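Work through the exercises below with the sequence and the model in view. Try each task before reading its solution.

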Amino acid sequence: MKRALPLLLAAAVAAAVVVHSMYNKPHKDYAQVEVAQTWTASDLVQQFTAYPQEMQAQWQGQVVAVVGEVGSSSPQGVVLTPGVVVHYAEGEGPADAPTGSVTLKGRLVGFDDLFGEVRIDQASWME
């Protein structure tokens with residue numbers, strides 16, 4: 001029993017260190033990740049509508065660039081016609097509401113088949 005107490009205490013301390021380091025791990029900076037594919041908004045929606053499982057399996061979580069016309073805008077993101085919903089990364093939103101054709105890059109989250117929309121988050125502006 002006396003030998004088990006120090007081992008148990010050492011295991012508890014090691015577990016606490018691992019949990020603390022995993023909890024405080026820095027977030028991935030998607031603005032620094034290279035773009036895997038560039039799409040027009042209409043092509044992206046068309047591909048996800050035609051091949052939802054294949055596109056989801058291949059592109060979910062990948063950083064992609066999307067070129068499209070702004071349909072609507074808010075401080076949190078934009079909707080590119082015909083249905084690409086883009087949410088800005090923290091601190092990446094523009095001062096003025098964008099209009100016209102824009103190019104954004106971000107992490108492709110997936111396809112919402114109920115609304116027929118492709119979802120992208122962690123977006124930033126491409127120049």
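**Exercise 1. Overall layout**

The chain holds 3 helices and 6 strands, where helices (H or I, at least four residues) and strands (E, at least two) are DSSP runs numbered from the N terminus. The model is predicted: local features need pLDDT of at least 70, side-chain atom pairs count only at pLDDT 80 or more, and totals for chains, interfaces and linings use all residues. Residues are numbered from 1 along each chain as its sequence is written, and side-chain values use heavy atoms, with hydrogens and water left out.

Task: state in which pattern the helices and strands follow along the sequence.

Solution: reading along the sequence gives α-β-α-α-β-β-β-β-β.

**Exercise 2. Extent and surface**

Task: set the radius of gyration of the chain beside that of a compact globule of 127 residues.

Solution.
- Step 1. The globule would have a radius near 14 Å, while the chain has 21 Å. The radius is taken over C-alpha atoms, and the globule rule is 2.2 Å times the number of residues to the power 0.38.
- Step 2. The C-alpha trace spans about 70 × 35 × 25 Å along its principal axes.
- Step 3. Of the 127 residues, 29% count as buried. Buried means under 20% relative accessible area, exposed over 50%, and partly exposed in between (1.4 Å probe, protein chains only).
- Step 4. Contact means heavy atoms within 4.5 Å. Of the contacts between residues at least 6 apart in sequence, 61% join residues at least 24 apart.

**Exercise 3. One face of a helix**

Task: find which residues of helix H2 (residues 41-50) are buried, and how they are arranged.

Solution.
- Step 1. The buried residues of H2 are Ala41, Leu44, Val45 and Phe48.
- Step 2. Viewed down the axis of H2, these buried residues fall within an arc of 95°, so they line one face of the helix. The arc is that of the directions from the helix axis to the C-beta atoms.

**Exercise 4. Backbone exceptions**

Task: locate a cis peptide bond and a positive phi in a residue other than glycine.

Solution.
- Step 1. Most residues other than glycine have a negative phi, and most peptide bonds are trans.
- Step 2. Thr81 and Pro82 are joined by a cis peptide bond with omega about 15°. Pro82 sits in the loop between strand S3 (77-81) and strand S4 (84-88).
- Step 3. Gln122 has a positive phi, near 55°. Gln122 belongs to strand S6 (residues 117-125) and is partly exposed, with a relative accessible area of 33%.

**Exercise 5. Three loop residues**

Task: for Ala89, Pro26 and Val35, decide whether each is buried, partly exposed or exposed.

Solution.
- Step 1. Ala89, in the loop between S4 and strand S5 (101-112), counts as buried at 14% relative accessibility. Not counting residues up to four places away in sequence, Ala89 touches Gln122 and Ala123.
- Step 2. Pro26 lies in the loop between helix H1 (4-23) and strand S1 (37-40) and counts as exposed at 69%. The C-alpha atoms of Pro26 and Ser73 are 30 Å apart, with their positions 47 residues apart along the chain.
- Step 3. Val35 is found in the loop between H1 and S1, and its 22% relative accessibility makes it partly exposed. Leaving aside neighbours within four places in sequence, Val35 is in contact with Val63, Val64, Ala65, Lys105 and Met126. The C-alpha atoms of Val35 and Lys105, 70 residues apart along the chain, are separated by 7.3 Å.
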